[in-house]
Amino acid sequence: MNPIGLYVHVPFCLKKCPYCDFYSIKFDDALAERYTQTIITEMFTYDHIKADTLYFGGGTPVLLGAPRLKRIIDAAKKQFSLEGEFTVEANPCSIDKQTLLELKQAGFNRVSFGVQSGVDKELHSLGRAHTKMQALEAVKGAKEAGFTNISVDLMIGIPHQTPQTLLSSLEFIKQLDVPHVSAYILKIEQGTRFYEDNTAALCPDEDSVCDLYLNTIEFLNSIGVEQYEISNFAKKGFESKHNLKYWRCEEYLGFGASAHSYYKGKRYLHPRDIEGYLSSNGNNYQISDKQAGGFEEYAMLRLRLSEGIDLSLLDKRFCFDKEKILRRAKPLEQSGLLRINGEIIFLTPKGFLVSNAIIASLIS
Ligand code: SF4
């Protein structure tokens, strides 16, 4: 059995960003302590299996503080013989050099900063609490603390963004000189303040967003931070090992309120409810798919990756009509949306923009 991935959701934030749809609540120290203990309790309910990645997402995981994060890491090492990639997400304004040093000492070897933009006006319109200068200081502090594996998030299609302001953000990322970038297109979800305020009216239109996305790919590729997934870019060897497990349909366990798992052929999740999580001692998960990991799901996830899908390797694992898929792929190749190399199919940057439609037409 291959080592699995571990994800811990830390649902605490100092305040809610107006575009955010992740499960998060206001930070409370007593609650954070109970939450830490419950995560550890939940970890020990599993078999003693091997893991090689641990990812703390949120929320704002560093609000737990390095000592609590270390307790969780130590529990994971004990229960899952964990060694490999240890990632923590961080906000540039909720971290200082001392905390970064403590995180390094706690065992983290990868840090992911929510930079989002290199233009202060855009950061303000996103409701972010940090400035460009704070993002610069945070990345500098991480390097001084000894982190070499650093990722930053960038948002595309945000209010008031133009090709010029995006270029400023990309130049800023070049200046940060980090080996990994996640570039997400803003999606305004129901229930967020952006949705209620109709902030979409302030954002670039769909065609402009497509151009911004293609500009981002071209720029990052040109500085050696190459696209390896629809929204992810890395220098060689710095791809996120944890996130690759999701796209390669490999197993992972998720701990904490709203965390998802894929394990032993099933997908399950904890509801977005911290009280329910705590009162059940981490035992309130619900099964969302009893027969996960079928060909359609596998193909959908694999085609998010630039490496694409190698049909010749899948005969033993799945029952599917290879010739039919290749036949359907041909006209899409002629339209420049994908490439076919023998029995490997992979999407082009233009194809990534309409990936759902392509995938549906290949496998439906
Ligand atoms: S800090 Fe991150 S998780 Fe928290 S509200 Fe903002 S975007 Fe959401």
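## Domains

Domain bounds here come from an automatic or database domain assignment. For this chain, the assignment gives domain 1 (4–246) and domain 2 (306–363). Keep in mind as you look around that this is a predicted model.

The C-alpha centres of the two domains, domain 1 and domain 2, lie 30 Å apart. Where they touch, eight residues of domain 1 are in contact with five residues of domain 2. On the domain 1 side, α8 (206–222) and β9 (226–229) each supply at least two residues. Helix α8 gives the most to that side, with four residues. By residue class, the side of domain 1 that touches domain 2 has six nonpolar residues, one polar and one charged.

## Helix α8 and its partner α6

Helix α8 also packs against helix α6 (residues 163–176): their axes are 11 Å apart, at an angle of about 30°. Angles under 35 degrees count as roughly parallel, and that makes α6 roughly parallel to α8. The crossing of this pair, α6 and α8, is right-handed.

If you would like to pick out the contact in your viewer, select Pro163, Leu166 and Leu170 in α6, which meet Leu212, Asn215, Thr216 and Phe219 in α8. This α6 and α8 contact divides into five nonpolar residues, two polar and no charged.

## Helices α2 and α3

Another pair to look at is helix α2 (residues 66–80) with helix α3 (residues 97–106), whose axes come within 9 Å and cross at roughly 15°. Helices α2 and α3 are therefore roughly parallel to each other. The crossing of α2 and α3 is right-handed.

From α2, the residues Ala66, Leu69, Lys70 and Ile73 meet Thr99, Glu102, Leu103 and Ala106 of α3. Sorted by class, the residues of this contact between α2 and α3 are five nonpolar, one polar and two charged.

## The ligand shell

Finally, a look at the ligand and its neighbours. Cysteines in the shell around the ligand are Cys13, Cys17 and Cys20. Glycines also take part, in the form of Gly58, Gly59 and Gly114. Lys16, Phe22, Ser24, Thr60 and Asn91 surround the ligand as well.

How do the residues of the shell around the ligand divide into nonpolar, polar and charged, and how many are there of each? The shell around the ligand has four nonpolar residues, six polar and one charged.

Definitions and conventions. Residues are numbered from 1 along each chain as its sequence is written. This is a predicted model: local features need pLDDT of at least 70, side-chain atom pairs count only at pLDDT 80 or more; totals for chains, interfaces and linings use all residues. Axes are lines fitted to C-alpha atoms, for helices over the stretch in contact, and angles run from 0 to 180 degrees between N-to-C directions. Angles under 35 degrees count as roughly parallel, over 145 as roughly antiparallel, 65 to 115 as roughly perpendicular and the rest as oblique. A crossing is left-handed if the near helix is turned anticlockwise from the far one by less than a right angle, and right-handed if clockwise. Two residues are in contact if their C-beta atoms, placed from the backbone, lie within 7 Å. Ala, Val, Leu, Ile, Met, Phe, Trp, Tyr, Cys and Pro count as nonpolar, Asp, Glu, Lys and Arg as charged, and the others, Gly among them, as polar. A residue is near a molecule or strand if its C-beta atom, placed from the backbone, lies within 6 Å of it.
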